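Trainee: Could we go through this model together, and could you show me the reasoning behind each label?
Mentor: Gladly; let us take the labels one at a time.

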Amino acid sequence: MKASIIIPNLNGEGWLEDSIRSCINQKFNDEYEIIIIDNGSTDKSMDIIKKCAEDFKNYVIIANKENTGFDYAVNQGINYSNAQYAVLFNNDAFAEPDWLQKLVDVADSDCKIFSVGSLMVQHYNRHLADDAGDYVPIFGWTCKRGDGLSKERYKKQERIFSACGGAALYRKSILDEIGTFDESFFAYGEDVDIGWRANNAGYKNIFCPQAVCYHICSATTGGRYNEFKSIQSGKNTLLLLYKNQPLLMFIINFPFMFIGFLPKVIMFYLRGYGKPFMKGTRMAFCMFKDVEKLPFKWKNIGGYLWVEWSMIKNVFTYIDYRLKRLFKII
C-alpha cells in the first residue's frame, strides 16, 4: 500500500461526507486506503461514515467510545496503517482530485523528506490562503504561513518549518524513528512539534503548492477563538518550546521567548480568554516532569543549527506578514 488517508472525526455531520468523498475521488496511480477514526460522535457521523464505505474498497472504520483527542486518534490510524505514507486530512477539508498524487510525487523525490504540506485555501474565500506551512519565530509563537493572503503568493515548492497536520503527508519510516504525534498535546500544535522533531533529526518538511485543498478551519472546535483552544494554546506553546530545544539553545532563546510570551498573554486577555490561556500555561508547568524532552545528540547538530537559523529568519517572515495585514495588502 502506497498511502493511507487518515481522517479523524468528531460530530462533523455537516461537512464530513463531502470531505470523505473528496478523498474517495482521488486520481491516484497507486493503491491507497482511507482510515476514518470517529471520536465518540453523538450526531449522524457514523451513518455518513458507513454510507461512504459502500463506495470505496480500501476503507477502514475505527470507532472510539469517547473523544480521545486529535493526537490519539491519528496515532490509531498511523499504527493501523502499513502504507509507505500516512496522510492526515481534516474532516472539514475538501481535496482537489490530484491532491494525493501531488503530495506523493514530492515525497518520492527525496528520502530525506519527512512531511509534505498542502496549499490549504479558505473554503469560503477561495482566493485566500488558509495555510501554506507553519513556522516558529524566535519569540516562540506558532504561526500559519499565508493565512488571509492571496493564494497566488504561494506557488513555489520550498522547505518549511512544519506542515499543517490538517492536510499533510508523513513518511512512515521516519515516524518509526522520531515517534508519532505527542498525545500530551491532545489537539493543536502537535504538527509543529513533530515537524520540529524531524528538523532536529536532519529531515525536511516541504510545502507543495500543487496539492490543493479547501478548509473551513476549526469547524469541529467551534471557531478561531474559544475557551478550549485558548487552554490548548497556553499549554501546548510551552510544551513545544520546552521539549524540542537542547539546553544551550533554550538558554540562548529564553529572553526572546519570554518577551514573546507577554504580548500573547495580553492578546488572549483582550479577546476575553486570558484566564483559559493562563490555565493552560499552569497545566504545562505541571506536565513538564512527565513530558519526554528530546536528548541532545551530536549527530543532530546540523538540524539544531537549521532550526535556530529558521527561527531567526522567521521573525522577518512574521513582520512582513503583519505589515501586509495591517495595510490590507492581500
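**Reasoning from value to label**

Mentor: Tyrosine 318 has a relative accessible area of 23%, and this makes the residue partly exposed. Keep in mind that we are looking at a predicted model.

Trainee: What makes 23% partly exposed for tyrosine 318?

Mentor: Buried means under 20% and exposed means over 50%. The 23% of tyrosine 318 falls in between, so the residue is partly exposed.

Trainee: And why is tryptophan 141 called buried or exposed at 18%?

Mentor: Set the value against the cut-off again: buried is under 20%. Tryptophan 141 has 18% relative accessibility, so tryptophan 141 counts as buried.

Trainee: Which class does phenylalanine 228 get at 32%?

Mentor: Phenylalanine 228, found in helix H7 (residues 227–244), counts as partly exposed at 32% relative accessibility. The C-alpha atoms of phenylalanine 228 and isoleucine 329 are separated by 31 Å, with their positions 101 residues apart along the chain.

Trainee: Let us turn to the rings. How many aromatic pairs are there?

Mentor: The count comes to 20 aromatic pairs. In one of them, phenylalanine 28 and tyrosine 32 have ring centres 5.7 Å apart and planes at 85°.

Trainee: Why is the pair of phenylalanine 28 and tyrosine 32 given its name?

Mentor: Centres must lie within 6.5 Å to pair, and planes over 60 degrees apart count as edge-to-face. With 5.7 Å and 85°, the pair is therefore edge-to-face. Both phenylalanine 28 and tyrosine 32 are buried.

Trainee: What makes the pair of tryptophan 141 and tyrosine 318 tilted?

Mentor: Their ring centres are 4.9 Å apart and their planes stand at 50°. Planes under 30 degrees apart would be stacked and over 60 edge-to-face, so at 50° the pair is tilted.

Trainee: Why does that pair tie together parts that are 177 residues apart in sequence?

Mentor: Tryptophan 141 lies in the loop between strand E8 (134–135) and strand E9 (143–144), while tyrosine 318 lies in helix H10 (residues 301–326), so the pair links parts 177 residues apart in sequence. Ring pairs also link Phe161, Trp196, Trp306 and Trp309 into a cluster.

Trainee: How do you know that the overall size agrees with a compact globule?

Mentor: For 330 residues, a compact globule would have a radius of gyration near 20 Å, and the protein has 19 Å, so the two agree. Of the 330 residues, 56% count as buried, and the secondary structure comes to ten helices and twelve strands.

Terms used: Residues numbered from 1 in each chain as written. Predicted model: local features only at pLDDT ≥ 70, side-chain atom pairs only at ≥ 80, totals over all residues. Heavy atoms only, no water. Helix = DSSP H or I, 4+ residues; strand = E, 2+ residues; numbered from the N terminus. Rg over C-alpha atoms; globule rule 2.2 N^0.38 Å. Buried < 20%, exposed > 50% of the residue type's maximum accessible area, 1.4 Å probe, protein only. Phe/Tyr/Trp six-rings, centres within 6.5 Å; stacked < 30°, edge-to-face > 60°.
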